[in-house]
Amino acid sequence: MIATPPQQKNTSRHVKLIDMSNYLMSNPSMITTEPSLSDLAAASGIEARTIRSWVAQGLLPAPLNRGPAARYPTDTLERVLAIRAMRDALGMQLAEIRKELLVASQEQIRGYASRAQGLAPVPRPQPSASSALNYIDALRAGPLAAPQSAFLMDEPLIPQSLQGFDALEHRLSQGRAPPARKARAEEWLRIPITPDVEFSVRAPLEAEQRVRLERCADLIRDILLGRDR
Amino acid sequence: MTNNSLTLTAGLDRTSAWEDGGSVRYLVAELAAEGATTPRTDAPALNLALAIDVSSSMAGDKIDAARRAARAVAEALTERDRLSIIAFDSRAELLLDACAMDGAGRAAALTAIAGLVDRGSTNLFDGWLLAAERVAVAMAASPQASHRVLLLSDGQTNRGVTDRGEIARHAGALLERGVITSAVGIGDGYDEELLGAIAEAGGGNLHDAGKAPEIGEVVLGELQAGRAALVERATLRVTVPGNLRAEVVGPWANAALPGVIEVMVGSLMPEQTKRVVFRLHCPSGAPGTTILLGISAGGAAPDGGDAIEAGSVEAELRLVRGAENSSQARDAARSLSVMQAWQAEALRRAVRMNRDGDGRAARHFLERELRWMEPYARGIPGADILLAELILVQRRVGEEWDERTRKEVYAASHKLSRSERDLRSEPPRSLSDRFR
């Protein structure tokens with residue numbers, strides 16, 4: 001058995017800022033230990049597809065990098081469990097959950113997450129000799145049979161008829177000469193702090209820089225809500 | 001019942017860190033297996049599936065060599081072993097289904113092998129899945145064996161499931177259920193990232209076979225590895241406190257859950273020690289604060305049976321004042337292991353950038369890595385060679401490399417950092433020889 005590490009002094013906010021700056025300096029591209037989508041799904045009992053939709057809705061932080069090997073910030077599992085508890089145990093709507101997550105302290109989120117323990121799946125028992133076969137059968141038969149579909153869902157669909165931006169462009173350009181090309185798109189990241197305050201930062205940002213800014217947003221939220229002492 | 005055992009040792013390169021935080025320290029964990037070297041008749045039975053790429057690019061020497069390798073495997077197996085053969089191009093075809101290698105089975109295998117002919121595009125996932133399925137069916141009937149899939153491919157998968165992460169995840173899921181996957185990359189056109197990811201997650205090995213004759217060498221070598229392994233599916237677990245950030249350095253499939261990192265180490269052979277390096281980003285704290293890391297490991301007996309656990313160990317990191325931190329000694333052997341893992345990781349990333357046509361980024365990346373690595377390497381016996389290799393690669397990584405160079409640099413860094421042996425009779429040139 002592994003000995004349980006002793007409790008450390010709670011300096012997590014300060015520590016994480018230092019960690020991040022050090023991480024940036026030392027080696028931003030090394031493999032990180034943050035959970036992947038499948039880790040989160042396995043540990044929380046929530047389908048990967050649902051977790052992705054929660055990310056898209058801003059309930060969870062965006063992954064630190066892109067692609068199927070994407071990793072999420074370390075405290076994401078706690079948030080997933082907290083959302084699950086609020087939804088399944090407390091019957092809250094996603095809009096309410098979003099507001100609650102914006103103002104909840106880390107301790108409160110942990111409290112919600114602990115309520116999900118009873119809902120979380122029990123650890124998987126040791127596999128039996130037939131479990132490999134069961135897995136392959138499920139892979140061939142079930143939704144796993146098209147495992148990349150969750151990612152494909154984000155791909156834009158080819159419109160059958162004009163709609164969305166195609167329709168908009170078509171409508172705007174009707175009867176007008178092509179304009180001089182002046183507008184240039186810029187990418188900005190939006191970090192909600194409270195329901196009334198947000199951070200807007202020009203992209204691109206390194207994933208680590210984004211995490212640091214999110215941490216800053218958390219600190220600002222604590223100050224705004226009088227929790228900075 | 002097995003008497004094999006698993007030995008775990010672990011320690012830090014330096015045992016103190018600065019009280020103000022930001023120190024980077026490394027944990028080096030070493031896993032080795034011990035046990036009586038079993039005579040051939042006592043070795044675990046093998047339940048092996050060969051999944052062989054027969055897409056059109058395999059035509060000629062490569063398909064001939066794959067046939068010869070498969071024949072050699074059929075000859076080398078005994079009546080206690082089972083062999084499945086799957087040919088895959090755009091679809092997967094079962095040529096031989098978990099046949100015991102007695103006289104009749106061997107004859108059936110040789111007939112099946114003769115039917116390996118080159119044809120269309122590559123659906124690697126379906127080929128691998130069918131192979132795993134045949135192994136799983138035989139496994140359900142007789143669990144007491146070493147259950148393995150060996151994937152031979154020369155190409156880029158372009159049909160069916162092609163996502164690397166997805167395929168590797170399934171390989172990992174089947175490993176948890178007892179089926180090991182290794183891969184042989186044939187020629188210069190295979191997808192080393194895909195085959196590497198499958199082998200890492202699948203608990204097996206990645207072999208590079210640039211020339212046709214090398215296919216037989218590595219396939220038979222892998223077969224012997226299946227016979228000789230003392231522990232299979234070895235997993236290393238490190239518990240870290242919440243205020244310490246840890247990451248695995250090197251090509252190891254790993255899962256990070258809050259407070260625990262699990263690394264799939266794979267099979268352990270006699271006299272083989274596998275080293276896994278973790279980079280730790282240390283927190284701040286009062287001088288004298290100790291941070292405990294718990295390290296444990298487990299695996300399975302190669303006959304598909306008992307779980308084998310290693311005695312767990314602890315590593316202790318202490319936060320100290322600046323002067324004490326600066327003057328501390330460090331463990332030279334562990335520091336060299338860190339350098340090896342670090343260099344291999346940097347090489348892999350540089351190869352990826354070179355392949356993506358971004359030589360400039362690769363050069364800058366290695367420049368930056370060298371800036372951090374040089375001060376770390378000072379005073380470590382043996383580290384200069386690693387630095388020199390990286391400098392030689394850095395000078396040339398901006399050029400467009402041919403595929404063979406990429407494959408060899410990738411495979412060499414992969415094998416070095418995973419403590420795996422190159423099974424070819426004539427291993428490729430060293431990095432220094434290649435780039436000097």
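**View 1. B:Cys282 is a buried cysteine in this predicted model.** We begin at B:Cys282, whose relative accessible area is 0%. Because buried means under 20% relative accessible area, B:Cys282 falls in that class. The rest of chain B gives this residue some company: buried residues make up 60% of the 436 residues in the chain.

**View 2. A:Cys216 is partly exposed.** Now hop over to chain A, where A:Cys216 has a relative accessible area of 28%. That value lies between the cut-offs of 20% for buried and 50% for exposed, so A:Cys216 counts as partly exposed. While we are looking at cysteines, it helps to know that the structure holds 0 disulfides over all chains.

**View 3. Helices H9 and H10 of chain B pack against each other.** H9(B) covers residues 359-377, and H10(B) covers residues 383-396. Their axes are 10 Å apart and meet at an angle of about 165°, which means that H9(B) is roughly antiparallel to H10(B). The crossing of H9(B) past H10(B) is left-handed. On the H9(B) side, the residues in contact include B:Leu366, B:Leu370 and B:Met373. Among their partners in H10(B) are B:Leu387, B:Leu390 and B:Ile391. Charged side chains take part too, including B:Arg363 and B:Glu367 of H9(B).

**View 4. Helices H2 and H4 of chain A pack at a slant.** Here H2(A), residues 37-44, packs with H4(A), residues 76-89, and their axes are 10 Å apart. The angle is about 45°, so H2(A) is oblique to H4(A). This time the crossing is right-handed. From H2(A), the residues A:Leu40, A:Ala43 and A:Ser44 make the contacts. They meet A:Thr76, A:Leu77, A:Val80, A:Leu81 and A:Arg84 in H4(A).

**View 5. Strand S2 and helix H12 mark the two ends of the confidence range among the elements of chain B.** Chain B has 12 helices and 17 strands to explore. Among these elements, strand S2 (residues 16-18) has the highest mean pLDDT, 95. Helix H12 (residues 431-435) has the lowest, 71. Where pLDDT is low, the predicted coordinates should not be read in detail. For chain B as a whole, the mean pLDDT is 86, and 97% of the residues reach 70 or more.

**View 6. Contacts in chain B often join residues that are at least 24 apart in sequence.** Among contacts between residues at least 6 apart, 78% are of this kind. Stepping back to the complex, the predictor gives an ipTM of 0.73 and a pTM of 0.63.

Methods
Residues numbered from 1 in each chain as written. Chains lettered and ligands numbered in written order. Predicted model: local features only at pLDDT ≥ 70, side-chain atom pairs only at ≥ 80, totals over all residues. Heavy atoms only, no water. pLDDT = per-residue confidence, 0-100. Helix = DSSP H or I, 4+ residues; strand = E, 2+ residues; numbered from the N terminus. Disulfide = S-S within 2.5 Å. Buried < 20%, exposed > 50% of the residue type's maximum accessible area, 1.4 Å probe, protein only. Axes fitted to C-alpha atoms, helices over the stretch in contact; angles between N-to-C directions. Parallel < 35°, antiparallel > 145°, perpendicular 65-115°, else oblique. Left-handed = near helix turned anticlockwise from the far one by under 90°. Contact = heavy atoms within 4.5 Å.
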